[in-house]
Amino acid sequence: MARILVLNGPNLGRLGSREPDVYGNQDLAALKVLLEADAPSHDIDLRQTDSEPELMSWLFEAVDSKTPVILNPAAFTHYSYALRDAAAMVTKAGVPLIEVHISNPHSREEFRHNSVISAVATGVIAGFGFDSYRLALSQLTR
Ligand code: DQA
C-alpha cells in the first residue's frame, strides 16, 4: 500500500482546543479519519511533533523512502531555514512535498505572511481548514 506522510509541526497536537475560531474544533485523529476515507488505498502516516529536529528527521525519511509528503510546518513555516533545507532535499529528490495551512496566513498577522518553505515546496494550499490537507491528498493520489 502506497504511503503518504502527513507531517504536522508545533502546537498542532493541540488542535481541537487551540484557538477553535481559527483552527476549528476537530483534532488530528479526526483529520486522519477524513484522509483515510478519501484515500482508502493509501497508508496515511499522520504524525505531529513540537520538535524541529524530529520533523527534519521525518523529512530525511521521506527522501530515503521516496514517500510523498503533506507538510503543515506550523510556526516553523515563518522562520526555520533548517526545515526549509530539509524540505528542499525532499523536492530535489523528486519527491512531492505539499505545504498546507489550515488558516490563511496571509489574512493574519504580518509575521505569518512569509513562508520560508513555500519556495522549495511542490505547491501550497492554505485557508480551507482540514480541506487544505484533503486537497493536497487529492493531488498526490490523482
Ligand atoms: C498554521 C499557520 C501558522 O502561522 C501557525 O503558526 C500554525 C498553524 C495553519 O495551519 O494555519 O501553527 O500553519
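I will start in the middle of the sheet, with V6, whose bridge partner in strand 2 is L46. On its other pairing, in strand 3, V6 has I70 as bridge partner. Before I go further: this is a predicted model.

Let me build the sheet outward from there. Strand 1, residues 2-8, is joined to strand 2 by seven bridges, and the two run parallel. Strand 1 is also joined to strand 3, by four bridges, and that pair runs parallel too. As for burial, strand 1 is mostly covered, with five of its seven residues buried.

Moving on from strand 3, which is residues 69-72, the pairing with strand 4 is in the parallel sense and has three bridges. I70 turns up again here, standing opposite I98 in strand 4. So much for that pair; next comes strand 5. Strand 4 and strand 5 run parallel and are joined by four bridges. In that pairing, E99 is opposite V124 of strand 5.

Put together, that is an open sheet of five strands, in the order 2-1-3-4-5, with parallel pairing. Strand 2, at 42-48, and strand 5, at 123-126, are the edge strands, each pairing on one side only. On average, neighbouring strands of this sheet are turned by 20° against each other, direction ignored.

How many residues of strand 4 are buried? Five of five, over residues 97-101, and the strand is mostly covered. Both of its faces are covered: on one side the buried residues are L97, E99 and H101, and on the other they are I98 and V100. Note that E99, which I just placed opposite V124, is on that list of buried residues.

Now the helices. Helix 2 packs on the sheet and touches strand 1 and strand 2. The direction of helix 2 makes about 165° with that of strand 2.

Helix 2, residues 28-38, also packs against helix 5, residues 131-141, at an angle of about 30° and with the axes 10 Å apart. Angles under 35 degrees count as roughly parallel, and helix 2 and helix 5 are therefore roughly parallel to each other. Their crossing is right-handed. On the helix 2 side the contact is made by L31, L34, L35 and D38, and on the helix 5 side by Y133, R134 and L137. Sorted by class, the contact of helix 2 with helix 5 has five nonpolar residues, two charged and no polar ones.

The other helix pair I want to show is helix 3 with helix 4. Their axes come within 8 Å and cross at roughly 10°, and helix 3 and helix 4 are therefore roughly parallel to each other. From helix 3 the contact takes E52, L55, M56, L59, F60, A62 and V63, and from helix 4 it takes A82, L83, A86, A87, M89 and V90. Which classes make up this contact? There are 12 nonpolar residues, one charged and no polar ones in the contact of helix 3 with helix 4.

Next, two points on the backbone. Most residues other than glycine have a negative phi. K66 has a positive one, near 55°, and is not a glycine. K66 is in the loop between helix 3, residues 52-65, and strand 3. Is K66 buried or exposed? K66 counts as exposed, because its relative accessibility is 54% and the cut-off for exposed is over 50%.

The second is A74, with a positive phi of about 50°, again not a glycine. A74 is in the loop that lies between strand 3 and helix 4, residues 81-92. Here the accessibility is 13%, so A74 counts as buried, the limit being under 20%.

Last, a loop glycine. G16 is in the loop between strand 1 and helix 1, which is residues 20-23. G16 counts as partly exposed because its relative accessibility is 27%. Setting aside neighbours within four places in sequence, G16 is in contact with G24, N25, Q26 and D27. As for A88, its C-alpha atom is separated by 31 Å from that of G16, and the two residues are 72 apart along the chain.

To close, back to the sheet: five strands, order 2-1-3-4-5, parallel pairing, with V6 of strand 1 bridged to L46 in strand 2 and to I70 in strand 3. That is what I have.

Conventions:
Residues numbered from 1 in each chain as written. Predicted model: local features only at pLDDT ≥ 70, side-chain atom pairs only at ≥ 80, totals over all residues. Heavy atoms only, no water. Axes fitted to C-alpha atoms, helices over the stretch in contact; angles between N-to-C directions. Parallel < 35°, antiparallel > 145°, perpendicular 65-115°, else oblique. Left-handed = near helix turned anticlockwise from the far one by under 90°. Contact = heavy atoms within 4.5 Å. Nonpolar A, V, L, I, M, F, W, Y, C, P; charged D, E, K, R; others polar. Buried < 20%, exposed > 50% of the residue type's maximum accessible area, 1.4 Å probe, protein only. Pairing = 2+ DSSP bridges.
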